Amino acid sequence: MTSKTVQTLDRVVIRFAGDSGDGMQLTGDRFTSETAALGNDLSTLPNFPAEIRAPQGTLPGVSSFQLHFADHDVLTPGDAPDVLVAMNPAALKANLADLPRGATLILDTDEFTKRNLGKVGYTSNPVDDGSLDSWHVHPLALTSITVEALAAFEGLSRKEKERAKNMFALGLLSWMYTRPTAGTEAFLEKKFGARPEILAANLAALRAGWNYGETTEDFASSYVVQPAPMPPGTYRNITGNTALALGLVAAAHRAGRPLLLGSYPITPASDILHALSGMKRHGVTTVQAEDEIAGIGIALGAAYGGAVGVTTTSGPGIALKSETIGLAVSLELPLVVVDIQRGGPSTGLPTKTEQADLLQVMFGRNGESPVPVIAARTPADCFDAAMDAVRIATTYRTPVVLLSDGYLANGSEPWSVPSVAELPGAPVDLATEPNATDDAGEPVFRPYLRDPETLARPWAVPGTPGLEHRIGGIEKADVTGDISYDPDNHDKMVRLRQAKVDGVTVPDLEVDDPTGDARVLVIGWGSTYGPVAAATRVVRNSGRPVARAHLRHLNPFPANLGEVLRRYDRVVLPEMNTGQLALLLRAKYLVDIRSHTAVRGLPFTTVELADVISQTLEEVR
Amino acid sequence: MTTTDLGMPASGLAHVPHQPDGEAAQTKRDFTSDQEVRWCPGCGDYVILAAVQSFLPELGLRRENIVFVSGIGCSSRFPYYLDTYGMHSIHGRAPAIATGLATSRPDLSVWVVTGDGDALSIGGNHLIHALRRNVNLTILLFNNQIYGLTKGQYSPTSRPGTVTKSSPLGSVDRPFNPVSLALGAEATFVARAMESDRAELRTILKAAAEHRGTALVEIYQNCPIFNDGAFEVLKDRTQQAARIVRLRSGEPVTVGADDERKVLVRVAGGTQEFVPEAEVGAREVVVHDAAADDPSAAFALSRLDSVEMTHVPMGIFRQVTRPTYDDLVRAQVDAAVDAAGGPAGDDDLEALLRGRDTWTVG
Ligand SMILES: Cc1ncc(C[n+]2csc(CCOP(=O)(O)OP(=O)(O)O)c2C)c(N)n1
Ligand code: SF4
Ligand SMILES: [Mg+2]
């Protein structure tokens, strides 16, 4: 055994890349769990093709998983990897441009065959043609080493043995970064418990990978990244979609109402449907509808009956649900509409991220049809955002749109699990008796008589004696809810519905301006939170002040937003669209906004945003 | 597998609270709302409304546990006129909304009122899926073979050649037969009634309401403004008997009165035909069996119908028992809750939030 050195690093970004069939998402997930268990802060970014199995070895078939972990708080999945694991030529070609010179490259040379090289247009083999000289390359015959390590497994075919190569890679990386593998072993035992030989082979491959790092001379050093200081608590690693599902369940629990999800599968929202379908024990009902329109109709029907009705979808589904959202606006019933945004228009980029549905959810309906809109900012924040959405919907009896996106949905980070007793929310009351008297002094029920404070109408569900009433999408007379075509009544009702949404209580916008003398404000919404925060940190570290704020509530806006915007010489607003929030802010507050936009299906990098901020700082000097 | 095997109730109203013993019997007035009815004079919808208002007391349910959900169309104004809970929703979507309501609330008798355009054009998808799932709903499809509310365009049930503002040279679409469509979707209860035949309508409404699962009742409804007389040959006393085939489960399928009576017999090759009673002889008479598991025979009966309305079957085509979607969904949730020892408390939620893989700091 050679003697190895151990170096300490403060942060590392690793990207696992391979063919969709190579199990890179699983490898990344496992490495993430090991890293979380070790107490590093982290952030992940899976990136996979829309096709389930694009042709093997091709560029469209490349699937990758990036993980950023550190001994301090992590805000983004990292701009550029320090280590790239490329399981085939396609994975190398698709990812090399992101790899800074000098970074580490681990290649499975077995896959660099003439045929595979040809598939992605390599005319010579990068493993030995010198084109990778600027990187620190570890060429490994990963496939054959794995097969050799599993020689004793006579019951397994060569193919089956080859399939364990991702575990070999995981074992090797786990050794390199001194990650514990016990969690992965337990995971494999659960996954392959029924197939003992496959289980044993995967465990053996994992161990072989570890031993390979430890014993061969190829790897001179291993690394340690110390745990990050985190507030005390119980933590788990969580993706945005899981957090969102849990937030809905927790909110319904606190509200004391059953949760019913009506949904039609669509990437990247389906995992919420999957998660909630497995939570029946918590009284959750899920209905997989025949289409998007039925999904929201079912949710609205359940809400009419007193449930917390939820529908989950992505942009194309919102387009189909628009008419029913309008109905819910008119009926003034609580409803949560979750939009996990993806690249558009049309089918667009189903597995990539974007923030281009903001204007659609704000205005994409007929008539004056205001709805509260809120956006989650990090994977774990999807929990709080979901709870907030349910609070607004049930308090104000209105549909609420909750925006997340593909990056938050599939990305993950550590989450400090809250104690249920400390969660916000309180039991929601249904109407039980008449709320007015008629001309003769008899008690009557007025379905559109509003709470003076919230302007919410009573939630009077079928089955409540004495409150029988009819509601519908036709304009209703104020108070009585009877059909009314009266011009003044319509004008009044339109304004009442607007006033109700405008009156939703929203906390003031907090500004992060440590030195207090910043002249430039960077404002973000949704998933730009991490990159914006990381970029401002970079700028501040170079001694230049910059203020930062982040919007959760997009409708209504926080009351102090206009004042905050006017306080600064320049406001920079990065968005993954072509300037949708900028349009709203300019229109509403008549302030100039420096809109920085990109629609590449990927989150902003820290470097890119730090540059934009730096340029703006130059301009105000 | 039957609903009874699964320990599921057999009546559509099993979980719906009934009036307590001793409470005064309800009347039509109890179900009449204070809203002014705004259909055109002579509209068949009035006749159906009166029939439903006077029929509902017969169910003996508490009013507050009855809900009418409708789509959009003249017919879909129906809920406003009934003093029950009601929702006038959007075009074609009532079956979906009602599915959500029925699934979350077993204690309600949920009705859908829809038109031929609402149910079969814009809402066709929701209709077939409600029928396929067998949600505990009663759907009343008012078929006037026209789009009434939008002032008279042809509908998916208009007979070919119908001249309307949008088909000045006559429509060329082939119409749906709603009963065939429903049977094709394996609906568990399918019936057809004539708006003007009060007694028959009442019988069918009762059977439909008590059916556990989706009951589809097609009601022929005259629109005197845009499609007057669409069903006149069936109302005309001189022709009625020769055209209307009154389906009675367990009885031979016949048409015509007295010596004009014809009997449906099987023809080699699987078809069937009406022959004069005197000529039946040894031929195999078709006996209607609404409870037959296989919908094929009922489907064959629905095909006797033609756009000429030479022979129009009326009555209950199919009435079978099959587990309902909403019962099965609730059973899964209930089983999961029971297996875990009752409704989730704060501790259970906390365990869910923690998941399987946690670590502790500090
Ligand atoms: C989304 C949408 N598209 C179109 C309409 C217009 N529209 C209202 S009712 C109707 C047809 C109704 O026909 P039917 O269901 O047969 O009902 P009837 O009026 O005949 O009772 C149409 C096309 C609408 N209300 N909503
Ligand atoms: S248009 Fe026809 S269906 Fe509509 S109310 Fe008038 S008569 Fe009835
Ligand atoms: Mg019609």
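What share of the contacts in chain A between residues at least 6 apart in sequence join residues at least 24 apart? Keep that in mind as you open the viewer; the answer comes at the first stop. One reminder before setting off: this is a predicted model. The predictor gives the complex an ipTM of 0.97 and a pTM of 0.96.

**Stop 1: chain A as a whole**

Select chain A and colour it by secondary structure. You will be looking at 20 helices and 25 strands. Now for the opening question: 75% of the contacts between residues at least 6 apart in sequence join residues at least 24 apart. Turn the chain along its principal axes, and its C-alpha atoms fill a box of roughly 95 × 65 × 45 Å. A compact globule of 621 residues would have a radius of gyration near 25 Å, and the 27 Å of chain A agrees with that. Of these 621 residues, 61% are buried.

**Stop 2: Val338(A), inside a strand**

Next, select residues 335-341 of chain A, which make up strand E13, and pick out Val338(A) within the strand. Is Val338(A) buried or exposed? Val338(A) has a relative accessible area of 0%, so this residue counts as buried. Show the side chains around Val338(A) and you will find contacts with Leu244(A), Ile272(A), Val310(A), Thr311(A), Thr312(A), Thr313(A) and Leu402(A), leaving out residues up to four places away in sequence. Try a distance label on one of these partners: the C-alpha atoms of Val338(A) and Thr313(A) are 6.1 Å apart, although 25 residues separate the two in sequence.

**Stop 3: backbone details in chain A**

From strand E13, step back to Glu332(A), in the loop between helix H12 (315-331) and E13. Phi of Glu332(A) is near 55 degrees, a positive value in a residue that is not glycine. Glu332(A) is buried, because its relative accessibility is 1%.

Val479(A) also has a positive phi without being a glycine, with a value near 70 degrees. Look for Val479(A) in the loop between strand E19 (470-472) and helix H16 (487-502). With a relative accessible area of 27%, Val479(A) is partly exposed.

Two cis peptide bonds come next. Select Thr267(A) and Pro268(A): the bond from Thr267(A) to Pro268(A) is cis, with omega near 0 degrees. Pro268(A) sits in the loop between strand E10 (259-263) and helix H10 (270-277). Then move to Asn555(A) and Pro556(A), where the peptide bond is cis with omega near -10 degrees. Pro556(A) belongs to the loop between strand E23 (553-555) and helix H18 (561-566).

**Stop 4: chain B as a whole**

Hide chain A for a moment and show chain B, with its eleven helices and twelve strands. Colour by confidence here: the mean pLDDT of chain B is 96, and 98% of its residues reach 70 or more. The C-alpha atoms of chain B fill a box of roughly 90 × 50 × 50 Å along the principal axes. For 362 residues a compact globule would have a radius of gyration near 21 Å, and the 23 Å of chain B agrees. Of those 362 residues, 56% count as buried. Among contacts in chain B with a separation of 6 or more, 69% come from residues 24 or more positions apart.

**Stop 5: the magnesium ion**

Select ligand 3, the magnesium ion, and display what surrounds the ion. Which protein residues are its donors? They are Asp116(B) through OD, Asn144(B) through OD1 and Ile146(B) through O, at 2.1 to 2.2 Å from the ion. Asp116(B) lies in helix H3 (residues 116-122) and Ile146(B) in the loop between strand E4 (137-143) and helix H5 (178-184), so this pair ties together parts that are 30 residues apart in sequence. Along the chain, the donors follow the spacing D-x27-N-x1-I. Both Asp116(B) and Ile146(B) are buried.

**Stop 6: Ser171(B)**

Stay with the loop between E4 and H5 and select Ser171(B). At 6% relative accessibility, Ser171(B) is buried. Beyond its neighbours within four places in sequence, Ser171(B) contacts Tyr154(B), Arg159(B), Pro160(B), Gly161(B) and Thr162(B).

**Stop 7: ligand 2**

Finish by selecting ligand 2 and the residues around this ligand. Among them are Trp39(B), Cys40(B), Cys43(B), Cys74(B), Cys223(B) and Phe226(B). Asn144(B), a donor of the magnesium ion, also belongs to this shell. The shell divides into eight nonpolar residues, two polar and no charged.

Notes: Residues numbered from 1 in each chain as written. Chains lettered and ligands numbered in written order. Predicted model: local features only at pLDDT ≥ 70, side-chain atom pairs only at ≥ 80, totals over all residues. Heavy atoms only, no water. Donors = N, O, S within 2.8 Å, 3.2 Å for Na, K, Ca; no water. Helix = DSSP H or I, 4+ residues; strand = E, 2+ residues; numbered from the N terminus. Buried < 20%, exposed > 50% of the residue type's maximum accessible area, 1.4 Å probe, protein only. pLDDT = per-residue confidence, 0-100. Near = heavy atom within 4 Å. Nonpolar A, V, L, I, M, F, W, Y, C, P; charged D, E, K, R; others polar. Contact = heavy atoms within 4.5 Å. Rg over C-alpha atoms; globule rule 2.2 N^0.38 Å.
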